[in-house]
Amino acid sequence: MAATNAGGPVAARAEEIWKVYGSGEAQVVALRGVSAEFGRGRFTAIMGPSGSGKSTLMHCLAGLDTVDKGTVHIGGTEISTLGDKALTRLRRDRIGFIFQQFNLLPTLSAAENITLPLDIAGRKADPQWWDTVIGTVGLKDRLRHRPSQLSGGQQQRVACARALMGRPDVIFADEPTGNLDSRSGGEVLSFLRQSVREHGQTIVMVTHDPVAASYADRVVFLADGSIVDELANPTAETVLDTMKRLDTPSDSVML
Amino acid sequence: MFRATLKSLLARKLRLVLSGLAVILGVMFVSGALVLTDTLNRTFDSIFSDVYAATDVSVTAKPKVEVSEMDGEEVSAPLPASAVETIKTQAGVRSATGRVDADGARVIATDGKVLTSFGPPRIGSNWTGTDEMMEIRSGRGPEAPDEIALNATTAKLAGYAVGDRVPVLTQQPKREFTLVGIWGYTGGRDSISGVQEVAFTTPVAQELMLGEKDVFTSVTVAAADGVTPDQLRDRLAPVLGAGYEVKTGAQLSAEDSASLKEGMGFFNQILLGFAGVALFVGIFLILNTFSIVVAQRTRELALLRAIGASRRQVINSVLVEAVVVGMIASVLGLLAGIGAGAGLGALFSGMSGGMDLAPIGVPLSAVISSFTVGILVTVVAAVMPALRASRIAPVAAMQDVATPDRPLTKLTVAGTVVTAAGAAALGTGLFVASGDSALYLILGGVLVTFIGVALLTPLISRPVVSLLGRLFAWSVPGRLGRLNSGRNPRRTAITAAALMVGIALVTGVTVVMDSAKSSLKAEAARILKAQIMISGDQGGPRPPTYDPAVVDRAEAIPGVRAAAGLYNDLVAIGGERSYIAATEDLSRLAEAYGTTAAKLGADQIAVSAPEAAERNWQAGSQVSIQTSRGEAHTYTVSQVFTEDTLPGSIILPAEAIKGFGITQPVLGFIRLDDGVAVSAVLPQVKALVADSPEVSATDQQTFVDSQAAIFDQIITMIQILLGLAILIAVLGVINTLALSVLERTRELGLLRAVGLGRAQTMRMITVEAVVIAVFGALLGVAVGAGMGSAVARALKDDGITQIVLPWDRMGTYLALAALVGVIAAVLPAIRAARLNVLNAIAHD
Ligand SMILES: Nc1ncnc2c1ncn2[C@@H]1O[C@H](COP(=O)(O)OP(=O)(O)OP(=O)(O)O)[C@@H](O)[C@H]1O
Ligand SMILES: [Mg+2]
């Protein structure tokens, strides 16, 4: 099935994308004709069992990986045809990233890490926006610290601030709270939700955690490289129910 | 465990190659030097056994002045023809041949230039027919006074064929001969080890090469059947008496080869010295590479520990890896060294004019030192960091992503102590001690300071690298590169220190040489009043000379106030060797030189004040001087002159010249009347020396510059040799960078993900390399300038009166270092830019 955005402008769109790794016996089809739209100003979670292709989908959407078939759009730009230079610029200017770990350069301070994409682009941070972001992330007194002097939760918040600072079209987050305890995870997630609600940021987040998914406006379920379900305005319970339902063998047959 | 080690070895091919390369280069230098030395030694042995192969016994007159190999060619004393007759009549003698054999027969080639030689002598001899080693290639031996034969090497170099007219310079001015024959040696050799030979008829050879009739340099004696050379020698020696030396061919060959080896020993030491520098730098490289590699493996080692491997097993695994790498690299290094030794040997034989090189052999010492150096250094380099790694608790190591840098306290303390000790020695040597002890203190101080600074490099690296980095911090890649270079001060420092060693040595030598050069120029400008000089390039052991008649003719040129020639000889005074000068007329020389002095009588000499003081001579002292030829003569010191007002420190009268080894002037001074332009006279003097192609007439400035050119040549030589050490250091920079790129793969992935372009990534790596390289060069230039100044200061009494810091050259070294950084960055930068973003992020 295709996950379509319920009307409204689209920030990122995948159309019938396929991704195949390896060949012959070792061939793995990571994505089999996935179509999905991610609405502007929306917070979408992608869920699914391990190996279902969540990260692959996200990487393809974010221009970190190429698709074998199908097209990917960020805003109005088709990125599946872009070269390395254009993709790099696209990532720099229009996409934000939050990885599960290793988000920060150890040589730079928190503040420098936050402005890194802007610095690379040779742009200056809007001072007002800077204050807003730093205020929301609550890092004012930690800006001069190095990553090694920050806790895991603080590091992830710095990563969020970096992703937000350039006001990208989309922020992609791959299990951003995967390494955090529930409290720090909750802080990061509410912060992400806040940036969607208050500043109209678009976020696509991969997660395993139903609680994390419940912060999103919508959850897309992936299994075996295909989208199998989706859920609007999720709560932890509805997400868990859906996951359970998808886990039963009858559903797999349905695919 | 062993299998895990081997697996990890293979899985890390790049690291393996990089660390192996470091060992290979280090081993290559050491074994190359040893192979070359060994080959040259065997070459010299074979040369001399060839030279004397046809000689049973040789008789010479004892030389008047004993000369060592370092001082130049010995001038044999003439041996009267009557001695040949005496020998012929002795029992056991089959034949005795008088030979004339002297250095200094210089053929003028078809292009009008004198054939030069870089080492082998240019022999003029008498033709005595062919022996069993010689073979006539064309024509015949000389029979008439104006005929000569040449050996094939000389004929080829000069471009002559039988029938050509050949001009030759000897003890006498240029003379032309008809070439009637060309000979070579058995085995298709054109000469024996590149020696140039001209054969005259006996009377001509005696006249031109020895300056006397009926004398020889040696007698070659062949033993009658049943008489061994040793028996013959023992029979002849008592008959001839104490004035003669009687030796067998085998004896002579052993002696000559030993004395040449002694002369070459210096060369060997230089070679080994450079191998030592290369090894020193190579050890830096190996140590650094392994400490990085093991640091990067800390997590892997910790994992092994966590799943139950003991500390010993972990260390053993690293040990096995080091031994495997060390073994393979030592073998490759040894092979490369043999290749390098062979190449250098070929180069050397080419340079010396076609010396036949002995087959390349591999001495045991080369094998032993290769493996000692290769394996030992590698193991020490690898095990030290492994020990450290094994001490970290497994959990800590596994969590720790970026390997922490240990504090530098110990190193700093050690460095400070060593530097202070070196500085103290240096200070004492410079300002307190005197004489030889001062020199040793200064040289020792320089060395110790050097080591101290190397130890302090990590500490210095912090501020300096951050300051240097500021230059590039205007762009994001630049700033990132700067930060990366300051990240592991130890690593940066060792990498830079390796570069420092080479550059410091080059800079040091440059400072000393430039100081010497400028001192010489200043001195010459102060004391030399002659406007036109006659001089030639010192192309070999024998100095260039010119026709003595030129001096009088030059003085006859209108506008010339005085002209004088200078002759040199190596003489014995009271049994000690000493260089002396002579001139036709001291009053003329003084006038040409810009001072006044009286003409010397036939038994009078002039001595400079310091020389007189040293020898405890006063005006009126009686002095016996034995020149290279002729009899010892007693002179009276008639004048004591102020130092530097005349060339040389002991000046003999014209009458002494005929007893000199070289009876022609080696220098000429021409002073003009006031107001006469140099340009008006110089062309006429040039015309006068046209027949003496070894020399040329130049104005004073050109002369001084050409004298100073030797210092530039030394600098160039040192630059080339130390260039090799610098090359290894560059490899070190590449190695460090490549390993750093590997270590920071994930960071690079992140940077690329958030939008750093490929070009920017490359720029980032390049800045890091340039910062490291320039830091090393800066340190090297600073240390080198300091060391050089100290040594120059120590040589003050030896004539280095000025200390010159060659800013232009020092700037060039820095600029070159920056270039080196850029070049070193190319491969790692390409690798970094090519990284697949996703793989890089997932890298562990
Ligand atoms: N570089 C690769 N080469 C080969 N196969 C790959 C590669 N990357 C992913 N795969 C395969 O593609 C499939 C999807 O992988 P993906 O990483 O997208 O899963 P995921 O849903 O993110 O799993 P997880 O929840 O464990 O992170 C998996 O079967 C995986 O083995
Ligand atoms: Mg994943």
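In this predicted model, a backbone N or O atom of Ser52(A) lies 3.2 Å from an oxygen atom of ligand 1. Gly53(A) also places a backbone N or O atom by the ligand, 3.0 Å from one of its oxygen atoms. Lys54(A) contributes through its side chain. A polar atom of that side chain is 2.7 Å from an oxygen atom of ligand 1. On its own, ligand 1 exposes 630 Å². The protein buries 61% of this area.

Two elements of chain A, strand 2 (28-39) and helix 1 (54-61), give two or more residues each to the shell around ligand 1. Helix 1 of chain A gives the most, with 3 residues. The shell as a whole holds 13 residues. Those that come nearest to ligand 1 are Ser50(A), Lys54(A), Ser55(A), Thr56(A) and His208(A). By residue class, the shell comprises 7 polar, 4 nonpolar and 2 charged residues.

The contact between the two chains was examined next. Chain A puts 23 residues in contact with 22 residues of chain B. The size of an interface is often given as the accessible area lost when the parts come together. For chain B and chain A, the buried area is about 2,100 Å². Carbon and sulfur atoms account for 69% of it. On the chain B side, Leu750(B), Val754(B) and Leu838(B) lose the most area to chain A. Together these three residues make up 29% of what that side buries.

Polar and charged pairs also occur across the interface. The rule finds 3 salt bridges between chain B and chain A. Arg752(B) and Asp84(A) meet in a salt bridge through their side chains, with an N to O distance of 3.1 Å. The count of residue pairs in polar contact between the chains is 3, with both residues at pLDDT 80 or more.

Four helices of chain B each supply at least two residues of the side that touches chain A. These are helix 13 (476-485), helix 20 (745-753), helix 21 (758-794) and helix 23 (837-842). Helix 20 of chain B provides the largest share, 6 residues. The side of chain B that touches chain A divides into 12 nonpolar, 6 charged and 4 polar residues.

Arg487(B) was then considered individually. This residue is found in the loop between helix 13 and helix 14 (489-527) of chain B. Arg487(B) touches residues of both chains. With residues up to four places away in sequence left out, its contacts are Pro106(A) and Thr107(A) in chain A, and Arg744(B) and Glu747(B) in chain B. The side chain of Arg487(B) also makes a polar contact with the side chain of Asn484(B), at 2.8 Å. Arg462(B) is 25 residues away from Arg487(B) along the chain. The C-alpha atoms of Arg462(B) and Arg487(B) are separated by 8.9 Å.

Technical notes:
Residues numbered from 1 in each chain as written. Chains lettered and ligands numbered in written order. Predicted model: local features only at pLDDT ≥ 70, side-chain atom pairs only at ≥ 80, totals over all residues. Heavy atoms only, no water. Near = heavy atom within 4 Å. Polar contact = N/O pair within 3.5 Å; in protein donor to acceptor, adjacent residues only side chain to side chain. Areas by Shrake-Rupley, 256 points an atom, 1.4 Å probe, with all protein chains shown as cover. Nonpolar A, V, L, I, M, F, W, Y, C, P; charged D, E, K, R; others polar. Contact = heavy atoms within 4.5 Å. Buried area = accessible area lost by both parts, 1.4 Å probe. Salt bridge = Lys/Arg side-chain N within 4 Å of Asp/Glu carboxyl O.
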